[in-house]
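The following exercises are to be worked through with the model at hand. Each task is followed by a solution in steps.

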Amino acid sequence: MTTAAQLSAFPELNVRLVEKRPIMLLVGQADGIQARSVETFQAFGFGSRIVEESYRITEMAFWKPDPANPKNIIRTAIAPDDPAEISEFPHIIINQARVMQYFGDFMRNGPSKLVPDYGIEYVSYRLDEGHEYPVEVTLRRDGTHEFTVRTKYLVGADGARSQIRRDIGATRLGKQALHAWGVMDTLSVSDFPDLRTKCAIQSSAGSILLIPREGGQLTRMYVDLGDQNENDAGAVRKTTITQIIQYANNILHPYKIDVKDVAWHSVYEVGHRVTDRFDDVPAAEVGKRDPRVFILGDACHTHSAKAGQGMNVSIQDGFNLAWKLGQVLMGVAPPTLLATYTGERQVIAQNLIDFDMQWSSLMAAKPEDFDSPTALEDFYVRTAEFPAGFMTEYQPGFLTGGAEHQALARGYTLGKRFKSTLVSRRSDGNPVHLGHTALADGKYRVYVFADPPKAGQPSRTADLARWLQEDEASPVPGREHWFDVKVIYQQRHNDFELLDAPPVFRPKYGKFGLMQYDRVFGVHPKVDIFEERGLSRDGVVVVVRPDQYVAQVLPLTATKELGEYFARVMPRGLQKKKEVNGSTAASESVKVNGSGGP
């Protein structure tokens with residue numbers, strides 16, 4: 001849904017989203033939305049709205065055996081969910097189906113009016129590079145009627161048992177943890193005092209991860225079912241809901257939970273697996289041909305559900321791939337760009353697996369196995385940035401520059417997401433979060449943090465602006481709609497005039513030549529972005545990719561380096577065709593090993 005939503009922003013593309021389910025998803029298994037995902041939702045225009053209807057996690061309670069009576073549990077600590085305040089967005093809980101509905105609204109209301117085709121499943125594909133549309137895909141409608149379509153690219157988000165993964169010959173690496181959990185969403189009556197607080201509960205009878213759901217009453221529990229025998233043929237999957245509830249009551253002692261209704265439940269065995277590649281190019285052919293078929297989400301990585309990463313990491317998979325597909329299909333980026341998808345996201349998936357192995361092992365451990373009585377909560381606080389989605393750091397390469405000038409913008413680490421903060425818009429004086437102005441439109445952001453002279457005075461900022469607008473080495477002239485160029489002056493917004501800012505920062509558009517007023521900023525009166533993000537007072541250019549990750553940090557005078565970067569990632573002269581065709585194919589995902597796919 002994320003991939004299709006981003007591609008729907010390009011009306012020139014013919015994109016189809018096919019889904020095996022006969023109707024839209026009504027109840028999804030995933031529910032935890034990390035702050036990085038909410039940032040992404042903001043780019044798609046629904047971040048604030050989805051927060052309003054969600055359950056917000058602000059703290060986590062830790063329960064352990066009572067030293068005076070180990071059969072009982074007591075609360076031992078309450079930790080803030082985001083102690084370092086790494087994002088202005090919260091950690092929220094909302095049903096996966098609702099997230100997909102928001103993406104569906106974005107597609108349906110966007111330029112291409114894209115809607116999913118339900119009741120169609122993927123069967124197979126065949127590659128013929130001699131054809132203009134080289135991927136011939138066989139699909140099946142309503143379980144019986146087979147037909148074929150041709151496309152330039154095929155994307156499979158078809159879950160942990162992905163057929164497209166099998167067809168591209170990719171291999172899953174990893175193992176089962178041989179530990180099982182029961183999960184249930186229930187309406188319950190209980191004397192447990194923290195039923196509406198996220199809890200990690202450890203007792204002599206096992207462990208529970210408790211997560212309140214949106215709506216004020218629904219509660220999710222991941223209930224420890226213990227270690228499993230690898231030779232029992234998965235017998236634990238036959239555990240009944242009645243047995244799961246009994247396990248929960250044993251763990252919660254002396255408290256009781258009286259389950260009145262079960263909205264959903266499942267049993268899964270923890271597995272940690274990463275696919276060896278996320279596209280159809282085998283290792284021996286890397287660099288010799290460009291990928292045509294891709295996989296996303298659970299088709300690439302499976303893990304436990306207790307770190308709340310399945311849906312979140314999958315959303316970032318989709319965002320990473322989609323803008324690249326869009327730019328390649330629109331003829332502004334070379335097909336070699338697509339090889340960076342596997343290169344970037346596979347590393348992130350492996351980092352996720354490594355983290356989840358630690359977290360799920362800690363959750364499954366018995367209290368007496370810990371070296372320190374506070375080991376679990378210490379790990380939770382110490383690693384908060386990772387599950388929140390902010391430890392992703394793409395390495396220098398095709399899309400990410402080197403760190404020679406990183407000291408000019410210490411708060412904008414190359415390869416990491418662009419962290420927003422407040423500035424004042426010059427046109428109307430309104431305070432705005434700079435990062436929130438970046439939309440999911442496939443554009444590069446060029447943020448020019450000005451040197452000391454005010455707008456209208458000679459400065460390196462003015463020289464750079466002239467180069468951006470006029471020089472033949474600049475990436476902007478003739479391609480203005482692929483760039484969002486903004487300037488942030490060191491003065492307060494009412495200390496200079498909007499029209500003093502160079503024209504490249506207030507471009508004209510449309511048949512009437514209307515001016516864009518929203519790209520010139522001053523510092524916020526209470527939050528100086530130069531201080532807040534460690535920006536050089538001599539000025540600095542920060543280039544941000546369409547998926548919100550920092551790509552370049554350069555001095556204002558580094559026009560040669562800036563031109564060379566965009567000559568590589570967006571070379572001029574690529575043929576732009578009026579009719580281009582992309583396709584995303586997503587068949588029904590299956591919940592396996594605690595992972596719910598898109």
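**Exercise 1. The interface of domain 1 and domain 3**

Task: Starting from the salt bridge between E39 and R417, describe the interface of domain 1 and domain 3 in this predicted model.

Solution.

Step 1. E39 and R417 form a salt bridge in which the closest N and O atoms are 3.0 Å apart.

Step 2. The domain assignment places 1–54 + 94–171 + 274–383 in domain 1, 176–271 in domain 2 and 406–569 in domain 3. By these bounds E39 belongs to domain 1 and R417 to domain 3.

Step 3. The contact involves 21 residues of domain 1 and 17 residues of domain 3. About 1,600 Å² is buried between the two domains, and carbon and sulfur atoms give 51% of this area.

Step 4. The rule finds 2 salt bridges across this interface. The C-alpha centres of domain 1 and domain 3 are 31 Å apart.

**Exercise 2. The surroundings of helix α2**

Task: Determine how many residues of helix α2 (residues 35–43) are buried, and state which elements the buried residues pack against.

Solution.

Step 1. With a limit of under 20% relative accessible area for a buried residue, 9 of the 9 residues of α2 are buried, and the helix is mostly covered. Among them are R36, E39 and Q42, as well as V38 and F41.

Step 2. The packing partners of these buried residues are β3, α3 (47–52), β7, α4 (96–109) and α7 (310–329).

Step 3. G45 follows α2 and has a positive phi, near 90 degrees.

**Exercise 3. A sheet of 3 strands**

Task: Give the strand order of the open sheet that contains β3, β7 and β4, and identify the strands that stand at its edges.

Solution.

Step 1. The order is β3-β7-β4, and the pairing is antiparallel.

Step 2. β3 (32–33) and β4 (55–57) each have a single partner strand and therefore stand at the edges, so one side of each has no neighbour in the sheet.

Step 3. Between β3 and β7 (residues 91–93) there are 2 bridges. G32 has I93 of β7 as its bridge partner.

**Exercise 4. Strand β22 and its neighbours**

Task: Explain why strand β22 (residues 444–449) is described as largely enclosed, and state which strands pair with β22 in the parallel sense and in the antiparallel sense.

Solution.

Step 1. All 6 of the 6 residues of β22 are buried, so the strand is largely enclosed by the rest of the structure.

Step 2. In a regular strand the side chains alternate between the two faces of the sheet. In β22, Y444, V446 and V448 point one way, while R445, Y447 and F449 point the other way. Residues of both sets are buried.

Step 3. The parallel partner is β23 (residues 483–492), joined to β22 over 6 bridges. F449 stands opposite I488 of β23.

Step 4. The antiparallel partner is β27 (residues 540–544), with 5 bridges to β22. Here Y447 stands opposite V542.

Step 5. Together with helix α10 (residues 460–470), β22 and β23 make a right-handed β-α-β unit.

**Exercise 5. Salt bridges within the chain**

Task: Compare the salt bridges R213–D185, R445–D484 and D528–R537 by the burial of their residues.

Solution.

Step 1. Side chains of opposite charge can pair when their charged atoms come close. A search of the whole structure finds 36 salt bridges.

Step 2. In the pair of R213 and D185, the closest N and O atoms are 2.8 Å apart. R213 lies in the loop between β15 (206–212) and β16 (219–227), and D185 lies in strand β13 (residues 172–190), so the pair ties together parts that are 28 residues apart in sequence. R213 counts as buried because its relative accessibility is 1%, and D185 counts as buried at 4%.

Step 3. R213 and D185 are also linked with D31, E214 and R220 in a network of salt bridges.

Step 4. In the pair of R445 and D484, the corresponding separation is 3.1 Å. This pair links distant parts of the chain, with R445 in β22 and D484 in β23, 39 residues apart. Both residues are buried.

Step 5. In the pair of D528 and R537, the closest N and O atoms are 2.9 Å apart. D528 is partly exposed, with 22% relative accessible area, and R537 counts as partly exposed at 31%.

Definitions and conventions
Residues are numbered from 1 along each chain as its sequence is written. This is a predicted model: local features need pLDDT of at least 70, side-chain atom pairs count only at pLDDT 80 or more; totals for chains, interfaces and linings use all residues. Side-chain values use heavy atoms; hydrogens and water are left out. Buried means under 20% relative accessible area, exposed over 50%, partly exposed in between (1.4 Å probe, protein chains only). Helices (H or I, at least four residues) and strands (E, at least two) are DSSP runs, numbered from the N terminus. Two strands pair if DSSP finds at least two bridges between them. A crossover is right-handed if, with the strands pointing away from the viewer, the path from the first strand over the helix to the second runs clockwise. Domain bounds come from an automatic or database domain assignment. Contact means heavy atoms within 4.5 Å. Buried area is the accessible area (1.4 Å probe) that two parts lose on being put together, summed over both. A salt bridge is a side-chain nitrogen of Lys or Arg within 4 Å of a carboxyl oxygen of Asp or Glu.
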